[in-house]
Amino acid sequence: MADNIEKAIEEGLSYICFTDHIDYDYPVEDITFDFSPGDYMQSIDEMRGKYGDRIKILAGVELGLQAHLGPRYNELLKTWPFDFVIGSQHLVGGLDPYYPETFHGREDSDVYRAYFEDMLTDIRAFHAFDTLGHLDYIVRYGRSRQKSYSYRQYADLIDEILKLLVRYNLALEINTAGLRKQLGFPNPHPDVLRRYRELGGTLVTIGSDAHRPHAVGFALNTARDILKSCGFTHTVYYEKRKVQFVRL
Ligand SMILES: [Zn+2]
């Protein structure tokens, strides 16, 4: 945590929010995405003691969406005072697209479509989060990656997802890891951000999806420029689960 905070200070950021993963019932053997919220909160308190005069430090979590997990996530969020909650689709058909086997014997476009269908189902079942993480994350892992992807190709499903976000007053994340991973765009693609706005969405969070200190704050200026070009005037972050507006 200290290394990430020091990088954030170096980047001139005024706040940083940790969003470690919890993916209950993650399907790959011998891998768990879970942590002790008590220890986590304690570590963040220690960091606030050490760096709190230089940067605001927030305690978030990234929850892996699966339709049946709603009750467990509700219990978690009731018990622990997170500042910010990202809901992210990390699975398609119960498999992690990070592993190439998920795409074996299938067209990328079929897997992408299945991914958006699962996301729609999972958000209908559980939407007690603040922002939807990296909406077109699946594109990072297809064999042909962005070549099989455009907003238009999946607009029927993506529009339904975006309408749910607007209806439930949820933010959409612009995640700069797509740029870091050479997709040529953040996740989601600017066409999706533009469509969210057209449908009445106003809340966008910015995340660098940094799993290591070197990526903290990556391409945040690019994200800001993209948001402006899509017509947004503000970005948001969350503190004690309350939305905070920052002018772009
Ligand atoms: Zn994620």
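Me: I see that Asp20 stands opposite a residue in β2; which residue is that, and how do I read such a pairing?

Reply: In this predicted model, Asp20 faces Val61 of β2. That match belongs to a parallel pairing of strand β1 (residues 15–22) with strand β2 (residues 56–64), made over eight bridges.

Me: Through which helix does the chain cross from β1 to β2?

Reply: Follow the chain through helix α2 (residues 37–51). This β-α-β crossover is right-handed.

Me: In what order do the strands of the open sheet stand?

Reply: A helpful idea first: side chains of a regular strand alternate between the two faces of the sheet. Here, six strands line up as β1-β2-β3-β4-β5-β6, with parallel pairing. The edges are β1 and β6 (204–207); each has a single partner strand, so one side of each is left without a neighbour in the sheet.

Me: Over how many bridges do β5 and β6 pair?

Reply: Four bridges, in the parallel sense. You can find this pairing at Ile174, whose bridge partner in β6 is Ile206.

Me: Let's turn to a helix. Which residues of α5 are buried?

Reply: They are Ile158, Ile161, Leu162 and Leu165. Their arc around the axis is only 95°, which means that they lie on the same side of α5. Look at the other side of α5 and you will find Asp156 and Arg167 exposed. Among the elements that cover the buried residues are α4 (108–125), β4 (131–132), β5 (171–175) and α7 (190–198).

Me: How far apart should the ends of helix α5 be?

Reply: Count 1.5 Å a residue: the 13 residues of α5 (residues 155–167) should span 18 Å, and the end C-alpha atoms are indeed 18 Å apart, so the two agree. Just after α5, Asn169 adopts a positive phi of about 60°.

Me: How many residues does the largest nonpolar core have?

Reply: It has 56 residues, and those with the most contacts inside it include Tyr112 and Ile161. Helix α4 gives the largest share of this core, six residues. Setting aside neighbours within four places in sequence, Tyr112 is in contact with residues including Ile138, Val139 and Tyr154.

Me: One last residue: is Lys242 buried or exposed?

Reply: Lys242 is exposed, because it has 10 C-beta neighbours inside 10 Å, and a residue with 12 or fewer counts as exposed. You will find Lys242 in strand β8 (residues 242–247). From Asp45, Lys242 is 197 residues away in sequence and 19 Å away in space, C-alpha to C-alpha.

Key: Residues numbered from 1 in each chain as written. Predicted model: local features only at pLDDT ≥ 70, side-chain atom pairs only at ≥ 80, totals over all residues. Helix = DSSP H or I, 4+ residues; strand = E, 2+ residues; numbered from the N terminus. Expected span 1.5 Å × (residues − 1). Buried ≥ 20, exposed ≤ 12 C-beta atoms within 10 Å, placed from the backbone. Arc of directions from axis to C-beta. Contact = placed C-beta atoms within 7 Å. Pairing = 2+ DSSP bridges. Right-handed = clockwise from strand over helix to strand, strands pointing away. Core = buried A, V, L, I, M, F, W, Y, C linked by C-beta atoms within 7 Å.
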